[in-house]
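Hi,

Here is the structure I promised to pass on. Have a look at it first, and then read my notes underneath.

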Amino acid sequence: MHTISNQSLKFTFDNSYVKLPDHFYCKLNPTPVKEPKLIKINDHLAVQLGMDPKWLGSKKGIEVLSGNVIFSGSEPIAMAYAGHQFGYWVPQLGDGRAIMLGEVLDKNNNRYDVQLKGSGLTPFSRQGDGRAWLGPVLREYIVSEAMFALNIPTTRALAAVTTGEIVKRENDLPGAILTRVASSHIRVGTFQYFAAKNDLRAIKKLADYVIGRHYLEIKEDKNPYVSLLRAFIKKQSLLIAKWLGIGFIHGVMNTDNMTLSGETIDYGPCAFMDNYNENIVYSSIDNYGRYAYNNQSNIAKWNIACFASSILPLINSNQKRSINIAKEIVEEFDDTFAEYWASEIRLKLGLKEKDSKDITLGSDLLVLMQKNSVDFTNTFRELSSLSNTKSILDKNFVTLFSDQMSINGWLSRWRDRLNSETHNDHDRKIAMLSYNPAYIPRNHRIEEAIQFALKDDYSFFDKLCEILSNPFNDQLSNINYKTPPLPREIVRQTFCGT
Ligand code: AMP
Ligand code: MG
């Protein structure tokens, strides 16, 4: 494979994962593609990583983004991992359609993996073809960048290209490759992979690596692995509270899709809900609602328990004691999550001080939203603009609900609670408007962008990305993107990328 110098590009690779033992990954190059074409470069992210976006979008850059050529300094690998998929144990998964090119340090010295997704067969491909088609690539680009703009921890999209090759699914579809950037790609399933093999040395190496990369503050703790478990619980509790607060359903929260960094990863059959429904499931493969909106915190705890059981030998040399300690810590998830959820509710309702009844106030609103089939995002956005006393603007909020008597009752409770605080109402409004977005990646808009891209028209994709990069701004010329789908536009199912 050709390599290309990145000297003129002012960034260097600084690869650390490849320094771990050989059986953590397989070294291999991406498989070249026929005729790569650029879809999009994420200019801001490129600049953050010290890469020249113009160069990335040039002929040479596209060769790199499609895997036809690799940068000098890049040491491509496919990572090994296992996982529980829908609760069922799979001892070997691994990067079946992704190849990590290497790690780069950004301007603030933060370390990022740069990975090609859809870049050809690897030893972990199993029955897959190692490729991705255009739809899931655009979907991941749109949603991961939207999540970033919404201040939710996430992997990111640096670029997307088409390959000029056909990918066979139910139909023949255009192939594409996403360049994904992540704080790391270490998953609960990475730990499980080694735990299942009883490879204690590997578990310790991986845990130390994770602490060094993501949890430096606990390195000197008495038992850093106990601290790691606690710190991980905090990261995931925060993440899930944020997902719930934005109406996000991941759709495939298998243990291999949960990162130690606490970033959202592997956008497959995910979705943002339109109307609030706590039981909602979009994923076409989630037959029993295991990953339903309101089950996501339970699943996070389940996954964390899997992580805990993978590091048992590090927690205590006495297995019985280790199990007891781990169990106790995993049980702390409930309180930790409840605290993050309470603060999420407060932020969404514009409350600054803690009051034990805030959760009830929030839950009562959600119950009314569900009963009245009201749009999740628009409800909180409209609420944000109201003032702490009755006004003519109330109409915009109240008319979202068919049962107006109940919502008016709730509104006066909210105002009583607001007025129990001493904060300036104008500041409260501004805070709420910068917390409750006007724009989310609605399913029907993503679908529209994909359908037009299949006809080689990327203008809808570009426009959607642009709007979603600024989700807290009303963008008066784009208000139709705030509107929930018409009945005929509703997308009820989303599909994974395979
Ligand atoms: P995901 O749906 O991304 O969580 O993937 C689950 C597992 O299936 C991972 O090990 C992937 O690498 C693998 N996989 C998914 N799609 C493909 C594909 N087209 N070719 C090979 N492996 C795949
Ligand atoms: Mg995955």
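Let me start with a question: does W243 count as buried or exposed, and at what relative accessibility? Keep in mind as you look that this is a predicted model.

W243 comes out at 3% relative accessibility, and because the cut-off for buried is under 20%, this tryptophan counts as buried. You'll find W243 in helix α7, which covers residues 224-246. If you skip the neighbours within four places in sequence, the residues in contact with W243 are M147, I152, F248, H250, M253, T264 and Q296. One more pair to click on is W243 and S297: they sit 54 residues apart in sequence, while their C-alpha atoms are 9.8 Å apart in space.

Now the chain as a whole. There are 17 helices and 14 strands in it. The radius of gyration is 23 Å, close to the 23 Å that the globule rule gives for 498 residues, so the chain is as compact as a globular protein of that length. Along the principal axes, the C-alpha trace spans about 70 × 60 × 40 Å. Of the 498 residues, 58% are buried. As for contacts between residues at least 6 apart in sequence, 73% of them join residues at least 24 apart.

The domain assignment splits out two pieces: domain 1 is 2-182 and domain 2 is 351-433. Their C-alpha centres are 42 Å apart.

Next, some strands to look at. Strand β8 (residues 98-105) has 7 of its 8 residues buried, so β8 is largely enclosed by the rest of the structure. β8 pairs with strand β9 (residues 111-117) in the antiparallel sense, over 7 bridges. I99 is a handy place to see the pairing, as this residue stands opposite L116 in β9. The two strands form a hairpin with 5 residues between them, and there N109 takes a positive phi near 70°.

There's another hairpin further along, made by β11 and β12 with 3 residues between them. These two strands, β11 (residues 156-168) and β12 (residues 172-182), are antiparallel and share 9 bridges. K168 has D172 in β12 as its bridge partner. β11 also pairs with β3 (residues 37-41): 4 bridges join them, and they run antiparallel. In that pairing, I41 stands opposite A159 in β11.

Then there's helix α4, residues 134-149. α4 has 16 residues and reaches 23 Å from its first C-alpha to its last, close to the 22 Å expected at 1.5 Å a residue. How many of the residues in α4 are buried? The count is 15 of 16, so to speak a mostly covered helix. After α4 comes N151, which has a positive phi, near 65°.

Last, the metal. Which residues coordinate the magnesium ion, ligand 2? They are N257, through OD1, and D266, through OD, at 1.9 to 2.1 Å. Both N257 and D266 are buried.

If you want a route through the model, I'd begin at W243 in α7, go on to the hairpin of β8 and β9, and finish at the magnesium ion with N257 and D266.

Cheers

Key: Residues are numbered from 1 along each chain as its sequence is written. Chains are lettered from A and ligands numbered from 1 in the order in which they are written. This is a predicted model: local features need pLDDT of at least 70, side-chain atom pairs count only at pLDDT 80 or more; totals for chains, interfaces and linings use all residues. Side-chain values use heavy atoms; hydrogens and water are left out. The expected span of a helix is 1.5 Å times one less than its number of residues. Buried means under 20% relative accessible area, exposed over 50%, partly exposed in between (1.4 Å probe, protein chains only). Two strands pair if DSSP finds at least two bridges between them. Donors are N, O and S atoms within 2.8 Å of the metal (3.2 Å for Na, K and Ca); water is not among the atoms, so sites may look incomplete. Domain bounds come from an automatic or database domain assignment. Contact means heavy atoms within 4.5 Å. The radius of gyration is taken over C-alpha atoms; the globule rule is 2.2 Å times the number of residues to the power 0.38.
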